[in-house]
Amino acid sequence: ENSPCVIGEALCCGLPIITTNVGGIPELVNDNNSILIDAGDENKLTAAMHEMVKISHRYDRKKIAEYAQGKFSYSVIGQQIDTAYNQVLSVQ
């Protein structure tokens, strides 16, 4: 997937994540909510997992959730879809 649902779901719950630098994923995350690694790099994944265990308490879970809900909530996504539909319909 270009944008796995599990990323938005975890972030909406305030969970920091480890994810790969592929597709549209880098557009969804930042240093305040994730550790981004290159795909296929098992050593970096292992290091990121150890790092997350050490620093997960430093992440502001409330801010992660607020940020994610501003990007992924039903009302935000619904408004984006409504805007896109209205733009298509007005082109006629």
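In the predicted model described here, Thr 19 is located in strand E1, which spans residues 17-20. Thr 19 counts as buried because its relative accessibility is 8%, below the 20% limit for that class. Apart from residues up to four places away in sequence, Thr 19 touches Ile 7, Ile 25, Val 29, Ile 35, Leu 36 and Ile 37.

Two of these partners, Ile 7 and Ile 35, were examined further. When neighbours within four places in sequence are set aside, Ile 7 is in contact with Ile 17, Thr 19, Ile 25, Leu 28 and Val 29. Ile 35 belongs to strand E2. With a relative accessible area of 16%, Ile 35 is buried. The contacts of Ile 35, again without neighbours within four places in sequence, are Ile 17, Ile 18, Thr 19, Ala 48, Glu 51, Met 52 and Tyr 59. One of these contacts, Ile 17, is separated from Ile 35 by 18 residues in sequence, while the C-alpha to C-alpha distance between Ile 35 and Ile 17 is 6.3 Å.

In soluble globular proteins, nonpolar side chains tend to be buried together. The largest nonpolar core of the model contains 15 residues. Within this core, the residues with the most contacts are Ile 7, Leu 11, Ile 17, Val 29, Ile 35 and Tyr 59. At least two core residues come from each of helix H1 (5-12), strand E2 (34-37), helix H2 (42-55) and helix H3.

The packing of helices was considered next. Two packed helices are described by the angle between their axes and the distance between the axes. For H1 and H3, the axes come within 7 Å and cross at roughly 135 degrees. H1 and H3 are therefore oblique to each other. On the H1 side the meeting residues are Gly 8, Leu 11 and Cys 12, and on the H3 side they are Ile 64, Ala 65, Ala 68, Gln 69 and Phe 72. By class, the residues of the contact of H1 with H3 comprise six nonpolar, two polar and no charged.

Helix H3 (residues 61-72) also meets helix H4 (residues 74-90), with axes that come within 5 Å and cross at roughly 30 degrees. Because of this angle, H3 is roughly parallel to H4. H3 contributes Gln 69, Gly 70, Lys 71 and Phe 72 to the contact, and H4 contributes Tyr 74, Val 76 and Ile 77. The contact of H3 with H4 consists of four nonpolar residues, two polar and one charged.

The loop between H1 and E1 contains Gly 14. Gly 14 counts as buried, since its relative accessibility is 0%. Residues up to four places away in sequence aside, Gly 14 touches Arg 61, Ile 64 and Ala 65. Gly 14 and Tyr 67 lie 53 residues apart in sequence, and their C-alpha atoms are 9.0 Å apart in space.

The cysteines were then checked for disulfides. A disulfide is a covalent bond between the sulfur atoms of two cysteines. With a cut-off of 2.5 Å between sulfur atoms, the count of disulfides is zero. For Cys 5, the closest cysteine sulfur is that of Cys 12, and no bond is assigned because the separation of 11 Å is too far. For Cys 13, the closest cysteine sulfur is likewise in Cys 12. The distance from the sulfur of Cys 13 is 7.0 Å, and therefore too far for a bond. Cys 5 is exposed, with a relative accessible area of 53%. Cys 13 also counts as exposed, at 55% relative accessibility.

Technical notes: Residues are numbered from 1 along each chain as its sequence is written. This is a predicted model: local features need pLDDT of at least 70, side-chain atom pairs count only at pLDDT 80 or more; totals for chains, interfaces and linings use all residues. Side-chain values use heavy atoms; hydrogens and water are left out. Axes are lines fitted to C-alpha atoms, for helices over the stretch in contact, and angles run from 0 to 180 degrees between N-to-C directions. Helices (H or I, at least four residues) and strands (E, at least two) are DSSP runs, numbered from the N terminus. Angles under 35 degrees count as roughly parallel, over 145 as roughly antiparallel, 65 to 115 as roughly perpendicular and the rest as oblique. Contact means heavy atoms within 4.5 Å. Ala, Val, Leu, Ile, Met, Phe, Trp, Tyr, Cys and Pro count as nonpolar, Asp, Glu, Lys and Arg as charged, and the others, Gly among them, as polar. Buried means under 20% relative accessible area, exposed over 50%, partly exposed in between (1.4 Å probe, protein chains only). A nonpolar core is a set of buried Ala, Val, Leu, Ile, Met, Phe, Trp, Tyr and Cys residues joined through side-chain atoms within 4.5 Å.
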